[in-house]
Amino acid sequence: MNMAIFSGINIFIIDDQPANLQVLSAVLQNAGFQVFVARDARTGINKIKKVKPDLILLDILMPEIDGFEACRELKSHAETQEIPVIFMTALAESVDKVKGLKLGAVDYITKPFQHDEILARINNHLKVYHLTQQLKEQNRKLQEEIAKNRVQNSTIAGSINAIALADLQGRLTYVNSAFLKMWGYEQASEVVGRSADSFWQEPEAAQKVIIALMRDRTWSGELTGKKNNYQWLQEELFNVQVVANLITDTEDQPLCFMAAFLDITPYQKTETALQETEECLQRIIATVANGIIIVDKEGKVLFVNPAAEQLLGRSSQKLLNTIWGVPMVTGNSTEIALYRPDNTLAIVDMRVVELPWEENTAYLASLTDITARKQTEERLKILSQACEQSPASIVITNSEGDIEYVNPKFERVTGYKAEEVIGKNPRILKSGFTSEEEYQMLWDTITEGLEWHGEFQNKRKDGQLFWEKASISPIRDENDVITHFVAVKEDITAQKETAAILFHQAKYDALTDLPNRFLAHDRMHQAIAQAERKNKRVAVMFVDLDHFKNINDTLGHAMGDHLLMLAAQRLLDALRSGDTVARLGGDEFLIILPDIEQPFACKAIAQKILDILNQPFDLGGEEVCLSGSIGIAIYPDDALDIGGLMSHADAAMYCAKQAGRNLFKFFTNSMNEAAQRRIRLENHLRHALANQEISVYYQPFIHLASGVVVGAEALMRWNSPELGMVRPDHFIPVAEESGLINPLGEWITSQACQAAMTWREITGYELWVAVNMSPRQFRDHGLVDAITNALSDSGLPGHCLELEITERLLMEDVPGANEMIQDLTRLELRLSIDDFGTGYSSLSYLKRFPFTVLKIDKSFITDIPHDPEAVSLVKTIIAMAHGLHLRVIAEGVETLQQLEFLYQEGCDYAQGYWFSPPLAADRFQWYLTQQMGQQTDPLKTLQSHNLEHLMTISPSIQVRHRE
């Protein structure tokens with residue numbers, strides 16, 4: 001194909017496949033086209049607006065904006081809508097082709113395509129496009145000629161009005177004979193070609209009109225013309241009314257200006273006389289109270305008086321010559337509603353008469369403002385409807401209390417029809433539950449002119465009782481005399497019933513129907529007040545069911561709930577009628593024993609409770625044995641307030657559990673001292689993190705097969721200025737119980753991740769760091785986010801962070817913990833089950849959760865190799881873990897014999913004082929630099945290393961840290 005044919009023609013290709021763009025561009029460029037490309041629709045559209053190609057090749061299947069949407073946008077813009085679009089696609093469905101053609105595409109080329117086919121189709125569509133553009137240009141020129149001939153036809157030439165045409169620069173191109181006569185010229189040649197500004201007194205008057213015409217397309221106004229006077233050879237000024245328009249072609253492009261002129265000088269005297277007549281008329285009717293407005297047959301306002309201006313909220317200048325828009329019907333009065341400019345509504349009574357006006361027929365409307373009267377009528381109507389449709393019962397009585405009106409709601413609520421109660425006293429509804437004294441107080445209140453608010457329990461016509469909330473107010477006349485009373489009443493029976501249900505739910509336990517903590521506090525208040533008056537004692541017992549969680553874990557929560565209900569009933573059966581049994585939550589109960597003479601009197605009751613709890617429970621054929629632990633505090637011997645009694649009974653109950661369970665304990669001062677120590681510890685711990693008293697120590701993990709350091713466990717240490725160095729087993733339980741473990745855990749995780757990144761920079765190896773997780777942390781919904789942030793902030797890879805999870809977490813079945821563990825595994829973390837063997841050691845946990853590491857508790861390592869049972873147990877754990885493809889870490893390695901045993905049994909990793917005690921962060925970094933200088937890659941399993949290698953490095957580690 002001849003390349004010269006396509007020279008200078010631009011083709012734009014949009015395709016997200018680079019290979020397609022490369023091949024197609026080469027084909028088109030070889031054919032002589034200039035090619036522009038884009039790999040996405042948005043970039044392509046922006047470039048097309050600048051390039052303005054002759055044709056667009058558009059792929060359909062593209063990300064973000066597909067070809068259909070791109071075509072739709074191209075066809076919506078004037079600068080691109082005429083450019084032909086050809087779709088290129090592998091879609092062969094006819095519905096897709098129809099969709100593309102409807103959007104404005106000219107053709108469809110289906111992939112894969114032939115090069116000759118593409119060039120042939122492009123050639124055809126380019127020919128059609130260029131021919132179309134030529135036709136449009138020819139049509140535009142033809143329309144211009146038609147327009148020019150149209151404005152210069154004989155009608156304009158013979159018009160009695162002066163008419164002139166000017167080009168876009170303001171030079172006259174045509175004038176008719178009336179124009180020449182008005183300005184005093186004889187020949188058109190005297191004025192054609194001159195600037196229009198030369199015919200006006202004001203400099204550049206025509207240029208200002210041209211600017212307005214180019215902006216608004218039309219202009220009208222009054223100018224002062226300069227008439228040519230041959231006799232006196234001087235200019236004569238006259239006033240001219242001008243109406244000018246912009247003339248455009250068929251494509252709305254400006255062609256020229258046309259203006260018509262009227263000499264208004266002869267009319268000035270007449271206009272002045274007319275103005276004087278109008279002023280006289282305005283003075284005559286200016287004092288009329290009603291608004292007056294005069295309009296012509298078309299509704300155009302001819303006159304308004306000041307009263308009409310005030311009524312309509314508009315000045316006469318804004319009303320005159322506007323369309324009134326209201327039908328003018330003579331002979332009758334009409335009510336109309338008018339909105340003023342300030343959006344206020346005026347209701348007007350309008351009376352219309354016909355009258356002559358300047359030789360024409362006009363209409364005079366007299367407007368009377370009846371807004372206030374109509375508003376009063378509307379308010380009365382609304383008030384009546386409100387009473388009739390009110391959701392509340394309304395009763396109106398006279399000053400003597402006799403009923404004069406009841407609304408439909410009253411009839412529906414009481415069952416009485418209006419005719420049955422009119423003339424009677426509202427006491428027809430009395431149920432007998434309201435005393436005469438209360439009725440008298442109500443009557444005294446309203447007759448004194450005051451409002452009364454209160455509640456009644458009344459009786460319906462059928463005898464059914466119901467509750468009403470009522471507001472009764474006096475109604476006064478213009479002389480301030482009470483003439484009536486109005487009662488607005490609401491049926492609140494359902495609310496009362498709901499309140500009773502809510503009260504019970506708020507005060508009683510939903511499962512056992514025992515009093516809850518709030519009601520128990522009320523009962524204790526009453527018991528203490530009564531004991532103070534009678535000089536007696538009150539005993540408070542905390543009862544906790546021993547190992548109740550095992551019931552939930554083994555038999556399920558439904559059986560656990562059933563057991564709680566049976567236990568609650570046994571507690572009730574064991575006590576006196578005046579005693580209180582309350583459920584505090586979970587498996588904790590509170591017993592209040594009022595009117596106790598001596599503390600020892602509680603012993604028999606406490607023992608009775610233990611005995612009845614020890615009796616087997618029948619759970620659907622399953623016999624379950626249970627025990628309880630009881631703590632007892634006495635008022636006023638142990639405490640004088642509820643808080644103290646509750647706290648002391650709780651402390652005594654924990655002592656009973658620590659003493660072996662299935663016991664009761666009386667509170668002693670030593671228990672209080674322990675509680676006080678715990679409170680003091682918690683108070684200091686709350687500020688320890690902010691005061692930078694908490695630090696992180698690290699104890700290394702040793703890979704036993706190679707003898708190298710592969711990571712470390714992060715351990716929290718607290719050095720309090722007031723308490724000294726606090727043991728972790730002292731403050732960690734307090735942190736878990738108080739919830740402080742959550743911020744502490746988040747902090748140590750962040751510190752550990754940053755430390756591991758530092759180790760990586762020092763050693764060049766990816767060492768992992770292990771962080772202990774508390775079950776309490778898994779109750780925090782922000783745990784996963786906190787760990788994610790710690791990894792992202794430090795840059796540590798997920799596989800370099802190990803979370804040590806205890807069996808206790810899995811046994812406690814913390815809600816949502818399973819989902820959190822699954823979320824954590826998605827971060828590619830290492831999960832370790834910690835202290836394995838100290839709990840239930842259920843193999844199901846290892847199967848259910850994605851653990852990668854199993855950690856043997858120190859208590860088993862300590863007895864190796866002297867205790868055969870410990871040896872056998874550890875062997876079994878290692879073999880079992882390896883069978884489940886878990887790595888094994890032995891903690892608490894402190895002797896050579898323990899190390900030899902673990903090495904021989906194939907244990908993977910070890911930690912303990914044999915290698916190193918926990919070290920502060922800076923000391924641990926020094927330790928790493930020393931060890932890594934002697935070792936190879938810690939992540940490789942070096943089979944050539946042996947036990948002798950471990951024994952040679954271990955003593956040196958110990959000596960170094962003792963220094």
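**Reading the strands, a helix and a buried aspartate**

Modeller: Isoleucine 833 stands opposite leucine 854 in strand S34, and this pair is a good place to begin, with the reminder that the model is a predicted one.

Colleague: What makes S33 and S34 partners, and in which sense do they run?

Modeller: Two strands count as paired if at least two bridges are found between them; strand S33, residues 830-836, is joined to S34 by 3 bridges, and the two run parallel, so the requirement of at least two is met.

Colleague: How do you know that S34 and S35 pair as well?

Modeller: The same test of at least two bridges applies, and S34 has 4 bridges to strand S35, residues 887-891, again in the parallel sense. Within that pairing, isoleucine 856 stands opposite alanine 890 in S35.

Colleague: Which way do the residues of S34 point, and are they buried or exposed?

Modeller: From S34, which covers residues 853-856, Val853 and Lys855 point one way while Leu854 and Ile856 point the other way, and all of them are buried.

Colleague: Why are S2 and S5 said to stand at the edges?

Modeller: The open sheet has 5 strands in the order S2-S1-S3-S4-S5, with parallel pairing. Strand S2 (34-38) and strand S5 (107-110) each have a single partner strand, so one side of each is left without a neighbour in the sheet. From one strand to the next, the twist averages 20°.

Colleague: What joins S1 to S2, and which helix lies across S1, S2 and S3?

Modeller: Strand S1, residues 10-14, pairs with S2 in the parallel sense over 5 bridges, and isoleucine 13 stands opposite valine 37 in S2. Helix H2, residues 41-51, lies across S1, S2 and strand S3 (55-59), running at about 165° to S1.

Colleague: How do you know that the span of H17 is close to what is expected?

Modeller: The expected span is 1.5 Å times one less than the number of residues; for helix H17, residues 517-534, with its 18 residues, that is 26 Å, and the helix reaches 25 Å from its first C-alpha to its last. At the start of H17, a side-chain oxygen of asparagine 516 comes to within 3.2 Å of the backbone nitrogen of phenylalanine 518, and H17 is followed by asparagine 535, whose phi is positive, near 60°.

Colleague: Which residues of H17 are buried, and what do they pack against?

Modeller: They are Leu519, Ala520, Met524, Ala527, Ile528 and Ala531, and their packing partners include helix H16 (493-507), strand S21 (537-545) and helix H21 (642-658).

Colleague: Why is aspartate 579 called buried?

Modeller: Its relative accessibility is 11%, and buried means under 20%, so aspartate 579 counts as buried. Aspartate 579 lies in the loop between helix H19 (557-573) and S22, and leaving aside neighbours within four places in sequence, it is in contact with Ile592, Leu593 and Pro594.

Colleague: What makes the link between aspartate 579 and arginine 576 a polar contact?

Modeller: The cut-off for such a pair of N or O atoms is 3.5 Å, and the contact joining these two side chains is 2.8 Å, so it falls within the limit.

Colleague: Where in the chain is confidence lowest, and where is it highest?

Modeller: Confidence is lowest in helix H33, residues 947-962, at a mean of 39, and highest in strand S36, residues 909-911, at 96. Over residues 936-963 the pLDDT is below 50, while the mean for the chain is 84.

How values were computed. Residues are numbered from 1 along each chain as its sequence is written. This is a predicted model: local features need pLDDT of at least 70, side-chain atom pairs count only at pLDDT 80 or more; totals for chains, interfaces and linings use all residues. Side-chain values use heavy atoms; hydrogens and water are left out. Buried means under 20% relative accessible area, exposed over 50%, partly exposed in between (1.4 Å probe, protein chains only). pLDDT is the predictor's confidence in each residue, from 0 to 100. Contact means heavy atoms within 4.5 Å. A polar contact is a pair of N or O atoms within 3.5 Å; within protein, one must be able to donate a hydrogen and the other to accept it, and residues adjacent in sequence count only if both atoms are side-chain atoms. Axes are lines fitted to C-alpha atoms, for helices over the stretch in contact, and angles run from 0 to 180 degrees between N-to-C directions.
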